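This report goes through the fold of one protein chain and the charged side-chain pairs found in it. The sequence and the structure come first, followed by the description.

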Amino acid sequence: MPKTLDIIENQIHVGDVKTITYNGGANIRYIELLFCPITKAQFAPSEDKRFVAFSVSDNNLQLPQLCCQMRKNTLRDLIVSLKNVYNELYDE
């Protein structure tokens with residue numbers, strides 16, 4: 001039988017969004033977006049659920065690491081803006 005699940009070879013690819021959830025998918029532990037082979041962004045709710053931690057890291061160390069927290073209203077504004085940009089794009 002061929003091997004259908006090979007975790008080592010099937011890691012996240014550029015442009016992929018990975019979401020780790022718990023509680024049967026009801027809660028998000030973190031979200032990761034791979035911008036390029038060496039740069040990723042991560043979003044995660046804070047433990048008190050008042051902020052979203054945001055981190056951009058570059059494993060080549062040519063980009064200084066960015067870490068910050070966003071309030072709920074800032075995250076909403078970002079999501080609405082991204083949705084608006086999404087709606088302006090043409091389908092391929």
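## Salt bridges and fold

A search of the whole structure, which is a predicted model, finds three salt bridges. The table lists the pairs with their N to O distances.

| Lys or Arg | Asp or Glu | Closest N to O |
|---|---|---|
| Lys18 | Glu32 | 3.7 Å |
| Lys40 | Glu32 | 3.7 Å |
| Arg76 | Asp77 | 3.9 Å |

What does the pair Lys18 and Glu32 tie together? Lys18 belongs to strand β1 (residues 17-22) and Glu32 to strand β2 (residues 27-36), so their salt bridge ties together parts that are 14 residues apart in sequence. Glu32 also forms a salt bridge with Lys40, and Lys18, Glu32 and Lys40 are thus linked in a network of salt bridges.

Is Glu32 buried or exposed? Glu32 has a relative accessibility of 5% and counts as buried, because the cut-off for buried is under 20%. Its partner Lys18 is partly exposed, with a relative accessible area of 29%. Lys40 is likewise partly exposed, at 29% relative accessibility. In the remaining pair, Asp77 is partly exposed at 44%, whereas Arg76 is exposed, with a relative accessible area of 53%. The value for Arg76 counts as exposed because that class begins over 50%.

## The sheet

The chain has one helix and five strands, which follow one another in the pattern β-β-β-β-β-α along the sequence. The five strands form an open sheet in the order β1-β2-β3-β4-β5, with antiparallel pairing. Its edge strands are β1 and β5, each of which pairs on one side only. On average, neighbouring strands of this sheet are turned by 15 degrees against each other, direction ignored. In general, strands of a sheet pair through backbone hydrogen bonds, in either a parallel or an antiparallel sense.

Strand β4 (residues 51-58) is mostly covered, with seven of its eight residues buried. On one side, β4 pairs with strand β3 (residues 39-45) in the antiparallel sense over seven bridges. Within that pairing, Phe43 has Phe54 of β4 as its bridge partner. β3 and β4 form a hairpin with five residues between them. Lys49, in the turn of this hairpin, has a positive phi of about 60 degrees.

β4 also pairs with strand β5 (residues 66-71), again in the antiparallel sense, over six bridges. Here Phe51 has Arg71 of β5 as its bridge partner.

## The helix and the chain as a whole

Where does helix α1 lie? Helix α1 (residues 72-88) lies across β3, β4 and β5. The helix runs at about 100 degrees to β5.

For the chain as a whole, buried residues make up 15% of the 92 residues. The accessible surface of the chain comes to about 7,900 Å², and 56% of this area belongs to carbon and sulfur atoms. Of the contacts between residues at least 6 apart in sequence, 4% join residues at least 24 apart.

Conventions: Residues numbered from 1 in each chain as written. Predicted model: local features only at pLDDT ≥ 70, side-chain atom pairs only at ≥ 80, totals over all residues. Heavy atoms only, no water. Buried < 20%, exposed > 50% of the residue type's maximum accessible area, 1.4 Å probe, protein only. Helix = DSSP H or I, 4+ residues; strand = E, 2+ residues; numbered from the N terminus. Pairing = 2+ DSSP bridges. Salt bridge = Lys/Arg side-chain N within 4 Å of Asp/Glu carboxyl O. Contact = heavy atoms within 4.5 Å. Areas by Shrake-Rupley, 256 points an atom, 1.4 Å probe, with all protein chains shown as cover. Axes fitted to C-alpha atoms, helices over the stretch in contact; angles between N-to-C directions.
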